[in-house]
Amino acid sequence: MSDCIFCKIIAGQIPCKKVYEDDDIFAFHDINPAAPVHFMVVPKQHIASLYEADQSHQAVLGKILAKAGELARAQGATDGFRTIINTGRVGGQEVYHLHVHIIGGPDRLGPMI
Ligand code: 5GP
Ligand code: ZN
């Protein structure tokens, strides 16, 4: 998707603080962190949101969650973290490239809902 900001970050056209990359997924720090540890893990393939996800995306979506704990721990979230996927207008989604927020830090996070 040529006009997608996260596709541009994945392609290296927009700078980011990269956390992790493999053939299928990419992780980078949120530009406006909500906590001391705040990064996002995304599929390299453009999927706009969970509304567009289907069975063909099972493997990559599973890979993101299967990697989340390792990456969170490596970033310093060693005592827990929150995992958030915002979907659509009501879900507060701002960037329409599916992303999983990983949010943690030394202190207990306040309630989100
Ligand atoms: P959403 O509300 O869509 O779940 O969250 C999008 C997130 O992307 C926001 O937390 C926002 O701070 C982050 N973000 C938006 N633009 C950029 C950018 O250009 N670079 C980075 N690293 N994060 C961004
Ligand atoms: Zn994209």
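This report walks through the fold, the core, the ligand shell and a few single residues of a predicted model.

## Ground rules

Because the model is predicted, local features need pLDDT of at least 70 and side-chain atom pairs count only at pLDDT 80 or more, while totals for chains, interfaces and linings use all residues. Residues are numbered from 1 along each chain as its sequence is written, and chains are lettered from A and ligands numbered from 1 in the order in which they are written.

## Overall fold

The chain has two helices and five strands, running α-β-β-β-α-β-β along the sequence. Helices (H or I, at least four residues) and strands (E, at least two) are DSSP runs, numbered from the N terminus.

As for size, the C-alpha atoms fit a box of roughly 40 × 30 × 25 Å along the principal axes. The radius of gyration is 14 Å, which agrees with the value near 13 Å for a compact globule of 113 residues; that radius is taken over C-alpha atoms, and the globule rule is 2.2 Å times the number of residues to the power 0.38.

Buried residues come to 24% of the 113 in the chain. Here, buried means 20 or more other C-beta atoms within 10 Å of a residue's own, exposed means 12 or fewer, and partly exposed is in between, with C-beta atoms placed from the backbone. Of the contacts with a separation of 6 or more, 58% link residues 24 or more positions apart; a contact means C-beta atoms, placed from the backbone, within 7 Å.

## The nonpolar core

The largest nonpolar core holds 21 residues, and A27, M40, V41, V42 and I102 touch the most other members. At least two residues each come from α1 (5-10), β2 (25-29), β3 (37-43), α2 (58-74) and β5 (100-104), with β3 giving the most, five. Such a core is a set of buried Ala, Val, Leu, Ile, Met, Phe, Trp, Tyr and Cys residues joined through C-beta atoms within 7 Å. In soluble globular proteins, nonpolar side chains tend to be buried together.

Setting aside residues up to four places away in sequence, A27 touches V19, Y20, F39, M40, V41 and L71. L71 sits in helix α2 and, with the same kind of neighbours left out, is in contact with V19, Y20, A27, V41 and I102. L71 is partly exposed, because it has 19 other C-beta atoms within 10 Å.

## H99 and the ligand

UniProt, in an unreviewed entry, puts an "active site" at H99; UniProt positions follow the numbering used here, feature names are shortened, and annotations may be inferred rather than shown by experiment. H99 lies in the loop between β4 (81-84) and β5. With 25 other C-beta atoms within 10 Å, H99 is buried, and beyond four places in sequence it touches F6, M40, V41 and V42.

Ligand 1 has 13 residues around it, and I31, N32, N86, E94 and V95 come nearest; being near takes a C-beta atom, placed from the backbone, within 6 Å. The shell has six nonpolar, five polar and two charged residues. Ala, Val, Leu, Ile, Met, Phe, Trp, Tyr, Cys and Pro count as nonpolar, Asp, Glu, Lys and Arg as charged, and the others, Gly among them, as polar.

## Two exposed residues

P33 is in the loop between β2 and β3, and is exposed, with 12 other C-beta atoms within 10 Å. Its C-alpha atom is 8.4 Å from that of I103, 70 residues apart along the chain.

E21, in strand β1 (residues 18-21), also counts as exposed, with 12 C-beta neighbours inside 10 Å. E21 and I103 are 18 Å apart, C-alpha to C-alpha, and 82 residues apart in sequence.

Notes
Two residues are in contact if their C-beta atoms, placed from the backbone, lie within 7 Å.
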